[in-house]
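Student: I have a structure open and not much idea where to begin. Can we go through it together?

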Amino acid sequence: MAKISVCIISFNEEKKIEDCLKSVKDIADEIIVVDSNSTDNTVAIAKKFTDKIILQKFLGFIEQKNFAREQAENDWVLSLDCDERLSPELQNAILSIKDSIDEADAYQMSRKTFYVYRWLNHCWYPDLKIRLFNKNTAYWGGTNPHDHIVTSGSNIKRLSGDIYHYSFDSISEHLKTIDKFTEIGADELIRKNKSFNVFSPMTHASWTFVKLYFIKLGFLDGFAGLVVSVLSYMHVFIKYSKAIIKRKQNDSK
């Protein structure tokens, strides 16, 4: 039977990390928590589930998750964020494949988001994620803060069940994250010398709204679906606007 290392990165997640760790304790042969020097009780809570807690200054989302992946003793790694947890169905699905896990290169699963007061069944669902993978053939890539698994294999199997994602407790929290993530995203656009112009904020943001609210039927998620679609529009608009301003500031130096 294959052994699975669960890798989690954390920073000041005392409200959510315990439920995350509870959901993986029955399938994990090893739990690794890489903490970015939390100032709350995150580490103390994590110690109830594992003694493998590594303090590491935050390197960036992709870099931090790859650092955690490198600490795993087992080949197979399950990666989660602190605001995520496995549904009972997904726990059982992972347990059922441990004897035959090498039949696939990696495993993807749907992620279902609880937003402020309700589950989102459309605009952010099923949001398929590869989260169970062989560390020797897969790694974290993408563009910060939007990371994803890159794998050299093409045989990706989907598991039944969901990752439950408890994202934002309030609109205010969502707005704070937008400010933080758009700053990171704009810096990445500049660093990678991406092409964009004065029309990019509007065109990219408009497509994001249309995709979430109409194509993915976000309107069926009620008022929450409208809020998510509008704030996602704002996220993209602000990211590209910040990038334009940063490039102009750099050019004027």
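**A lysine and its surroundings**

Tutor: This is a predicted model. Start with Lys-242, which counts as buried because its relative accessible area is 17%, under the 20% cut-off.

Student: OK, and where does Lys-242 sit in the secondary structure?

Tutor: Lys-242 is part of helix H7, which covers residues 222-251.

Student: Which residues does Lys-242 touch, leaving aside its neighbours within four places in sequence?

Tutor: Those contacts are Asp-179, Thr-182, Glu-183 and Ala-186.

Student: What about polar contacts between side chains there?

Tutor: The side chain of Lys-242 makes a polar contact of 3.0 Å with that of Asp-179. Another polar contact, also 3.0 Å, links the side chains of Lys-242 and Thr-182.

Student: Switching topic. How many helices and strands does the protein have?

Tutor: There are 7 helices and 11 strands. The radius of gyration is 19 Å, and the globule rule gives 18 Å for 253 residues, so the protein is as compact as a globular protein of that length.

Student: And how much of the protein is buried?

Tutor: Buried residues account for 49% of the 253. The protein exposes about 12,600 Å², with 52% of that supplied by carbon and sulfur atoms.

Student: What about contacts across the sequence?

Tutor: Take the contacts between residues at least 6 apart in sequence: 75% of them join residues at least 24 apart.

Student: Last one: how many charged side chains, positive and negative?

Tutor: The protein has 34 positive and 33 negative side chains, and the centres of these two sets are 5 Å apart.

How values were computed. Residues numbered from 1 in each chain as written. Predicted model: local features only at pLDDT ≥ 70, side-chain atom pairs only at ≥ 80, totals over all residues. Heavy atoms only, no water. Helix = DSSP H or I, 4+ residues; strand = E, 2+ residues; numbered from the N terminus. Rg over C-alpha atoms; globule rule 2.2 N^0.38 Å. Buried < 20%, exposed > 50% of the residue type's maximum accessible area, 1.4 Å probe, protein only. Contact = heavy atoms within 4.5 Å. Areas by Shrake-Rupley, 256 points an atom, 1.4 Å probe, with all protein chains shown as cover. Lys, Arg positive; Asp, Glu negative; His and termini not counted. Charge placed at Lys NZ, Arg CZ, Asp CG, Glu CD. Polar contact = N/O pair within 3.5 Å; in protein donor to acceptor, adjacent residues only side chain to side chain.
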